[in-house]
Every structure is written in C-alpha cells, then in structure tokens.
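Me: I'm new to reading protein structures, and I'd like to learn with a real one on the screen. Could you walk me through it feature by feature?

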Amino acid sequence: MHGEYKVQGGKLVVADVELRDGRLADVQISGDFFLEPDGALDDIRAALNGLPGTAPAEEMVAALRAGLRPDATLVGFTPESIAIAVRRALGVSRGWRDFEWQIIDSGPQTPAMHLALDEVLARAVASGQRAPTLRFWEWERPAIIIGNFQSLRNEVDLDAAAEMGVEIVRRVTGGGAMFVEPGTAITYSLYAPGELVGDMSFADSYAFLDAWVLKALTAVGIDAFYKPLNDISSPKGKIGGAAQKRYANGTVLHHVTMAYDMDAAKMTRVLRIGREKLSDKGIASAAKRVDPVRSQTGLERTEVIRRMKEVFVDLNGGTPGDITAEEYAAAQELARGKFSDPAWLNHIP
C-alpha cells in the first residue's frame, strides 16, 4: 500500500507499507527530505513496524518520537507528516484528489445571506447531501463582518458605520473584523471533509487548506506566503486572513477574505483597530496593513478569480456546481433569523 504527503513549505514524504495480521510490516519511508544521521531512517521503520493498522495518528507520532535517536534531525518533514503518509497508504487518511470537488459562484448576496450560505453548505457537506465545495462570494453591499468572539463596540465605530451605510454582521468563525465593499475583496469558502485535515493540528490545517491559493497568487505575480496563524501575506504587506469552524462530524468551514482594492481610509473610519492589535505587526497604521491584490498584479478582479479557479482544478480537481433551490431556501430562513437577529450580533456587546 502506497501513500504520499507533501509537507506545506517542506518536502514530500512517501510511505509503502504492508499489513500482516492487522499490523504494519515492511514499512518503507522515502522522499526528498533531509535526515541526519542516515541510521535514523532505520529508527523510523522500527518504530512503525508492528503498530496496529488501526492506530490513530497520535499513536504513530508518539511511537516515532520515542523511537528516534536523540541526535536525529528531521529537515523538511516531521513525525506528524510521516504518520499522515502512512495513514494515506492504509486508506484511512485522504488527500484533495480523493474527493470530487464542486466550484460555485453564489452571485451578489447580502452579508447575512452569505453567512447563512456558509452554514447551510457546510452542514450539507457534513450530512453527505453535497460534495466538498469551493464557493466564491460577491458582496452586494458594504459590510463589516466581525468574528464570533469579538466585542461589537470594541471593534466597530457604530456611528461611522451607520453614517456610511455599512451593514454589520457577526459570523460563526473566530478571528478579526473585516470591512468589505462590492468589488473590493476576493472572498471564498471551502466546505471540506474533516478527514482531509484529520491528522493535522488546528494550526497546520490553516496552511494546508490555503496552500493552493498561495500557488494561485504566485501565478499572478504575487510573492505570497502564509503567516501563522491565519494571514496570507506578501513582502509588501498583508493580503488577507482566514477563519475556520469545525462541525460535529468534523466537516470544516474554512473561509478567506483578501483585499483586492480596499479603501483603507474608509476601513479605518468604521473599524476600531487598536494599537495593541497592531503592536506585533511592526507598522504604524492600520492602513499600511492592506496591500491590495490589484496593486501587485495589475489584473482585473474577475481575472484573478478565474486564475484561482484554474489553479485549484489543476491541483485538486473540481467541476462547476451550483447551489440548490432547497439550500437557498434554508439559507434565506437562516439569514432572516439568526444572522439578522440583533441578539446574535450583540451576544458580545
């Protein structure tokens, strides 16, 4: 049985294994990684051989850490990445290409409707009623979207927002507040099976789920990189941020907003971006944090999105899809209820 795992920002790890009486046997680990001393590869094989084929990733990692000699140095890979490759060989951990992805454009929607669609589509994937999906958003009006755990009054200048006609909504994911206007942002959501990231730490899953978009941004001329925990950035500044929610069966909602042509002055009027939050960014003002995609690519927003879709399909597969009438109806009800309810918005005043 054969499994492969490409470490994000690292090397390829390949596992070839056999099962004998339900236990790992003749384990071979290979790849383009670096390992010192050479004999440490024998330690890795010995640590894995004999483990139950049903062993969870945590048990494999513990065995590897216990079995590696003290002076072993792993470069470009980790015990966790070895466990993922082995579990993929066993068929208990799957990669992007093991799923049939749909790619959809939901068209201009109100802020509450977008948040409702996120919940409805994520639950549809969780129940098996929908294939794993990548959805691109279009903003119908200016909005501030605050994180689930943020204080409304601490994050938003309510008077300025009302004066400027900016709607305020609260999403189900954590993270920071963002300001958007039609045509100024690139927002997408992934509704992914939990098993795609089941062997990864929460932090590692962020980088993994956005690795494809870093390649897409590189393809359009941006030297993009991931800045832990959840920022997409470039040498010229922050481009966007990600947020996640895990549902009961492990299904992951992962969404990202990137600035295409953001009005930083307007953003700083409606958002109370405090000095404390900026203190670890090494910059003097919030406006400098926004470095739009447009200024670095020279491409129209629609062209950037088109190329993002192409890269996703090339790497992970995918076919065009759509939102069903039943999903729209469920989202409309949720938008009118939960996401338009002042109690939800103000649950942290």
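Me: Let's start with the sheets. In what order do the strands of the open sheet of 8 strands sit?

Reply: This is a predicted model, so keep that in mind as we go. To read a sheet, walk across it from one side to the other and write down each strand you meet. Here that walk gives β12-β13-β14-β15-β11-β7-β6-β16, and the pairing is mixed.

Me: Which strands stand at the edges of that sheet?

Reply: Look for strands with a single partner. In this sheet they are β12 (225–227) and β16 (319–320), so each of them has one side without a neighbour in the sheet.

Me: Can we zoom in on one pair? In which sense do β14 and β15 pair?

Reply: Follow each strand along the chain and compare directions. Strand β14 (residues 237–246) and strand β15 (residues 252–259) pair in the antiparallel sense, over 7 bridges. If you want one bridge to find on screen, take Q244: its partner in β15 is H254.

Me: What strand order does the open sheet of 3 strands have?

Reply: Same trick, shorter walk. The order is β9-β8-β10, again with mixed pairing. The edge strands are β9 (167–170) and β10 (178–180), each of which pairs on one side only. Ignoring direction, neighbouring strands in this sheet are turned by 20° against each other on average.

Me: And how many bridges join β8 and β9?

Reply: There are 4 bridges between strand β8 (residues 143–146) and β9, and the two pair in the parallel sense. One of the residues to click on is I144, whose bridge partner in β9 is I168. There's a helix here too: α4 (residues 111–127) packs on the sheet and touches β8 and β9, with its direction at about 20° to that of β9.

Me: Okay, helices next. At what angle do the axes of α1 and α2 cross?

Reply: Imagine a line through each helix, then ask how the lines approach and how they're turned. For helix α1 (residues 40–48) and helix α2 (residues 57–67), the axes come within 8 Å and cross at roughly 135°. Angles over 145 degrees would count as roughly antiparallel, but α1 and α2 are oblique to each other. Their crossing is right-handed.

Me: Which residues make the contact between them?

Reply: From α1 you have D43, I44, A47 and L48, and from α2 there are M60, A63, L64 and G67. Sorted by class, that contact has 6 nonpolar, 1 polar and 1 charged residues.

Me: How far apart are the axes of α2 and α3?

Reply: They're 9 Å apart, and α2 packs against helix α3 (residues 79–89) at an angle of about 130°. That makes α2 oblique to α3, and the crossing is right-handed. On the α2 side look for A57, M60, V61, L64 and R65, which meet P79, E80, I82, A83, V86 and R87 in α3. Those residues divide into 8 nonpolar, no polar and 3 charged.

Me: Which residues are buried in helix α8?

Reply: Here you ask how much of each residue is left accessible. In α8 (residues 211–219), the buried ones are A211, W212, V213, L214, A216 and L217. Just after α8, you'll find G221 with a positive phi of about 100°.

Me: Why would anyone point out a positive phi?

Reply: Because most residues other than glycine have a negative phi. D21 isn't a glycine, yet its phi is positive, about 55°.

Me: Where is D21, and is it buried or exposed?

Reply: D21 is in the loop between β2 (12–20) and β3 (23–31). Its relative accessibility is 82%, so D21 counts as exposed. Compare D26, which has a positive phi near 50° but is placed in strand β3. With a relative accessible area of 38%, D26 is partly exposed.

Me: Last one: which peptide bond is cis around P37?

Reply: For this you check omega, keeping in mind that most peptide bonds are trans. The bond from E36 to P37 is cis, with omega near -10°, and P37 is in the loop between β4 (34–36) and α1. The bond from P228 to L229 is cis as well, with omega near 5°. You'll find L229 in the loop between β12 and β13 (231–234).

Definitions and conventions: Residues numbered from 1 in each chain as written. Predicted model: local features only at pLDDT ≥ 70, side-chain atom pairs only at ≥ 80, totals over all residues. Heavy atoms only, no water. Axes fitted to C-alpha atoms, helices over the stretch in contact; angles between N-to-C directions. Parallel < 35°, antiparallel > 145°, perpendicular 65-115°, else oblique. Left-handed = near helix turned anticlockwise from the far one by under 90°. Contact = heavy atoms within 4.5 Å. Nonpolar A, V, L, I, M, F, W, Y, C, P; charged D, E, K, R; others polar. Pairing = 2+ DSSP bridges. Buried < 20%, exposed > 50% of the residue type's maximum accessible area, 1.4 Å probe, protein only.
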